[in-house]
Amino acid sequence: MSDEKHIPFHHGSQYADWVERNCWRCWKYNEEDASKSCLIDQAIGACALLDKPLSDEMARRCGYLRENGTTNDNYTWKCPERESQEERDRKPREIIDHPNQIFMEI
Ligand code: SF4
């Protein structure tokens, strides 16, 4: 049974503002090719653009669904997994080929 049921954005402008606040400041975002962006971005994009509700997991990872089961009703809340290029660069000796796969350097 699917648990896809969360629709966090009331309209396209809210989605655009959320992406501007979060994804535009995050190295995991790929504006040119959504298939190379992080899984959260892919899920919220499909939610906002294709009316595909978020699963519990994606709603939690993007910060919309809190641990206590309530939802974040701020207009643009912070994505908990947002990471700037500078934060990524500070990580020691990691080679990151894709936002969803992290390989340690040998
Ligand atoms: S981790 Fe969050 S802020 Fe970064 S690209 Fe994914 S959804 Fe956007």
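**Long-range contacts, core and ligand shell**

Of the contacts in the protein chain that link residues at least 6 apart in sequence, 50% bring together residues at least 24 apart; a contact here is a pair of C-beta atoms, placed from the backbone, within 7 Å. The model is a predicted one, with local features needing pLDDT of at least 70 and side-chain atom pairs counting only at pLDDT 80 or more, while totals for chains, interfaces and linings use all residues. Numbering starts from 1 along each chain as its sequence is written.

Running from the N terminus, the protein chain goes α-α-α-α-β-β, which adds up to four helices and two strands. These are DSSP runs numbered from the N terminus, with helices being H or I over at least four residues and strands E over at least two. Burial is modest to state: 25% of the 106 residues in the protein chain count as buried. The cut-offs go by other C-beta atoms, placed from the backbone, within 10 Å of a residue's own: 20 or more for buried, 12 or fewer for exposed, and partly exposed in between.

Now for the core. The largest nonpolar core has 18 residues, and Ile40, Ile44, Leu54 and Cys62 touch the most other members. Such a core is a set of buried Ala, Val, Leu, Ile, Met, Phe, Trp, Tyr and Cys residues joined through C-beta atoms within 7 Å. Helix 1, helix 2 (39–50) and helix 3 (56–61) each put in at least two residues, with helix 2 giving the most, at five. Once neighbours within four places in sequence are set aside, isoleucine 44 contacts Leu54 and Cys62. In soluble globular proteins, nonpolar side chains tend to be buried together.

Two other positions are worth a look. Histidine 6 sits in the segment before helix 1 and counts as partly exposed because it has 19 C-beta neighbours inside 10 Å. Beyond four places in sequence, histidine 6 touches Pro53, Leu54, Ala59, Tyr64 and Leu65. Its C-alpha lies 10.0 Å from that of arginine 60, 54 residues away in sequence. Serine 13 belongs to helix 1 (residues 12–21) and, with 10 C-beta neighbours inside 10 Å, is exposed. Between serine 13 and alanine 48 the C-alpha to C-alpha distance is 9.7 Å, across 35 residues of sequence.

As for the ligand, 13 residues surround it, with Asn22, Cys23, Cys26, Cys38 and Cys79 coming nearest; to be near, a residue needs its C-beta atom, placed from the backbone, within 6 Å. The shell splits into seven nonpolar, two polar and four charged residues, where Ala, Val, Leu, Ile, Met, Phe, Trp, Tyr, Cys and Pro are nonpolar, Asp, Glu, Lys and Arg charged, and the others, Gly among them, polar.

Methods. Two residues are in contact if their C-beta atoms, placed from the backbone, lie within 7 Å.
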